[in-house]
Amino acid sequence: MQKDISVMIVDDIEETRELIKVFLSFSNKFEVICEAGNGLEAVKNARKYNPHVILMDINMPEMDGLQAAEKISMMMPEAIIILLSVQDEKEYFKKAMNCGVRDFIAKPFDTETITNTILNAVDREQRKNKIKTTGIKEIVTESKGCEVITVFSTKGGVGKTTVAVNTAIGLAQKTGKRVAVMDLDLQFGDVGLMLDIESTRTISNIVEDISTITSDRIEEYMIEYMPGVRVITAPIKPEQADYIASNHIEKIIEMLKKNHDYLIIDTRASFDEITITALDKADQIVMVSTKDMLSLKDVKLGMNVMKSFNYSDSKIMVILNRIVGKFGISIKDVENIFEKKVNIVIPEDQKTVLISANKGIPIMIHDKKSKVCKEIQRLSEIISRNIA
Ligand SMILES: Nc1ncnc2c1ncn2[C@@H]1O[C@H](COP(=O)(O)OP(=O)(O)OP(=O)(O)O)[C@@H](O)[C@H]1O
Ligand SMILES: [Mg+2]
């Protein structure tokens with residue numbers, strides 16, 4: 001991490017700019033080189049001073065933060081633009097990502113949030129640049145103490161949660177190590193339901209206490225499902241998801257990594273800010289698809305997006321789920337479409353999966369003889385080899 005990160009602060013309220021300057025002055029890594037009171041001024045000053053990082057308010061006179069971000073990122077694609085927003089402006093985030101914005105900080109913020117968000121964004125950018133310029137496939141910057149596995153798909157209903165939950169149990173059964181499961185399908189998460197656990201504590205409670213919580217206390221917010229497997233469930237109400245931001249997720253992942261050997265993250269089928277954080281943080285992405293054309297198309301598109309994120313090829317594993325017989329598209333065809341090896345093939349097994357879902361007992365416990373269980377054991381075996 002380089003020592004001096006030059007920063008431009010863009011906000012129409014002078015007191016806010018002053019407050020940010022005070023927060024940044026607590027660290028010797030930042031130098032505020034210019035300020036702007038509106039979007040137009042921001043565009044001019046960005047060109048003139050070329051800051052590494054631009055902290056940008058959204059609602060401003062003359063030109064708003066999003067328009068300014070779009071102009072600056074076209075002019076200077078390497079500038080790291082972070083939006084400063086109030087909670088209900090989060091719907092801007094998706095739009096903002098298309099305008100070149102890298103992250104956002106919700107108002108009101110504190111020193112730690114602002115500092116960590118900037119440092120993480122700079123770190124991500126540096127890693128991406130290194131990959132681009134050196135061609136190095138993957139640069140591991142974090143300790144290999146905890147393996148983060150993000151189960152993902154760009155198609156809904158293909159078995160992400162089934163795979164995530166059962167792999168967590170498979171890993172605990174196989175290794176006897178500490179496994180955390182986090183449900184990041186924040187609106188409609190099913191992990192709690194699949195494990196038949198009452199969500200007395202959810203990720204919302206962690207986020208409420210995020211500024212005071214420490215890694216040694218995070219266990220208090222988790223539900224112990226079985227020895228070695230602890231769970232963080234999704235919010236009880238879908239609307240509570242609105243209050244959870246990617247910088248919260250980054251912090252939670254870092255805390256979980258300190259006292260677990262594996263972290264399994266279940267996701268929703270979209271490239272939203274939360275999912276991208278889970279993908280960025282993953283050592284291994286388990287990409288789930290079924291074999292029908294619609295899934296294959298969506299998953300292929302998803303893989304292309306991940307390629308554009310510069311993820312190394314080895315970071316992504318492919319799982320085909322719900323495979324019936326041998327007719328139709330073959331595994332070889334799928335491999336040709338994805339231009340990637342299929343690592344695990346899980347058969348369609350309505351009876352086992354349905355009974356297990358209805359009882360709230362995962363397949364890994366309910367039916368160890370089933371082919372589904374055997375394949376998930378194989379997946380756990382492959383994952384466990386990474387930190388054996
Ligand atoms: N191998 C399988 N055989 C039969 N049914 C399966 C299999 N895998 C998953 N299912 C069933 O498919 C449905 C979707 O599974 P699951 O909820 O795990 O998918 P998902 O990708 O997490 O969905 P969502 O996008 O809604 O979160 C569930 O009813 C599940 O029981
Ligand atoms: Mg799911």
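Is Asn50, with its C-beta neighbours inside 10 Å, buried or partly exposed? In this predicted model, Asn50 has 14 such neighbours and therefore counts as partly exposed, since the buried class begins at 20. Asn50 belongs to the loop that joins H2 to strand E3 (53-57). Its phi is positive, at about 50°, although the residue is not a glycine.

The same loop between H2 and E3 also holds Pro51. Pro51, in contrast to the partly exposed Asn50, is buried, because 25 other C-beta atoms lie within 10 Å. Contacts of Pro51 beyond four places in sequence are formed with Ser6, Val7, Met8, Ile33, Cys34, Ala46 and Ala79. For one of these partners, Ser6, the C-alpha atom is separated from that of Pro51 by 5.1 Å, with the two positions 45 residues apart along the chain.

Helix H2 (residues 39-49) is also paired with helix H3 (residues 65-75), their axes coming within 8 Å and crossing at roughly 20°. The two helices are therefore roughly parallel to each other, and their crossing is right-handed. On the H2 side, the residues that meet H3 are Gly39, Ala42, Val43, Ala46 and Arg47. Their counterparts in H3 are Gly65, Gln67, Ala68, Lys71, Ile72 and Met75. The composition of this contact by class is 6 nonpolar, 3 polar and 2 charged residues. Ala46 of H2 takes part in the meeting with H3 and is also listed among the contacts of Pro51.

On the scale of the whole chain, the domain assignment gives domain 1 (5-134) and domain 2 (147-385). The C-alpha centres of these domains lie 32 Å apart. The features described below concern residues numbered within the second of these ranges.

A second helix pair consists of H6 (residues 160-175) and H15 (residues 371-385), whose axes come within 8 Å and cross at roughly 65°. This crossing is right-handed. H6 contributes Val163, Asn166, Thr167, Gly170, Leu171, Lys174 and Thr175 to the contact, and H15 contributes Ile376, Gln377, Leu379, Ser380, Glu381, Ile383 and Ser384. By class, 5 nonpolar, 7 polar and 2 charged residues take part in the contact of H6 with H15.

Met364 is located in helix H14 (residues 363-366). With 24 other C-beta atoms within 10 Å, Met364 is buried. Apart from neighbours within four places in sequence, its contacts are Asn166, Ile169, Gly170, Gln173, Cys373 and Ile376. Among these, Asn166, Gly170 and Ile376 also appear in the contact between H6 and H15. A C-alpha separation of 9.5 Å is computed between Met364 and Ala168, which are 196 residues apart along the chain.

Burial is also found in helix H10 (residues 273-281), where Ile274, Thr275, Thr277, Ala278 and Leu279 are buried. The buried residues of H10 pack against two strands that flank the helix in sequence, E10 (262-266) and E11 (284-289), and also against strand E6 (147-152) and helix H9 (246-258).

Another positive phi occurs at Asn310, a residue other than glycine, with a value near 70°. Asn310 is found in the loop between helix H11 (293-308) and strand E12 (316-323). Asn310 counts as partly exposed because 14 C-beta neighbours lie inside 10 Å.

How values were computed: Residues are numbered from 1 along each chain as its sequence is written. Chains are lettered from A and ligands numbered from 1 in the order in which they are written. This is a predicted model: local features need pLDDT of at least 70, side-chain atom pairs count only at pLDDT 80 or more; totals for chains, interfaces and linings use all residues. Axes are lines fitted to C-alpha atoms, for helices over the stretch in contact, and angles run from 0 to 180 degrees between N-to-C directions. Helices (H or I, at least four residues) and strands (E, at least two) are DSSP runs, numbered from the N terminus. Angles under 35 degrees count as roughly parallel, over 145 as roughly antiparallel, 65 to 115 as roughly perpendicular and the rest as oblique. A crossing is left-handed if the near helix is turned anticlockwise from the far one by less than a right angle, and right-handed if clockwise. Two residues are in contact if their C-beta atoms, placed from the backbone, lie within 7 Å. Ala, Val, Leu, Ile, Met, Phe, Trp, Tyr, Cys and Pro count as nonpolar, Asp, Glu, Lys and Arg as charged, and the others, Gly among them, as polar. Domain bounds come from an automatic or database domain assignment. A residue is buried if 20 or more other C-beta atoms lie within 10 Å of its own, exposed if 12 or fewer, and partly exposed in between; C-beta atoms are placed from the backbone.
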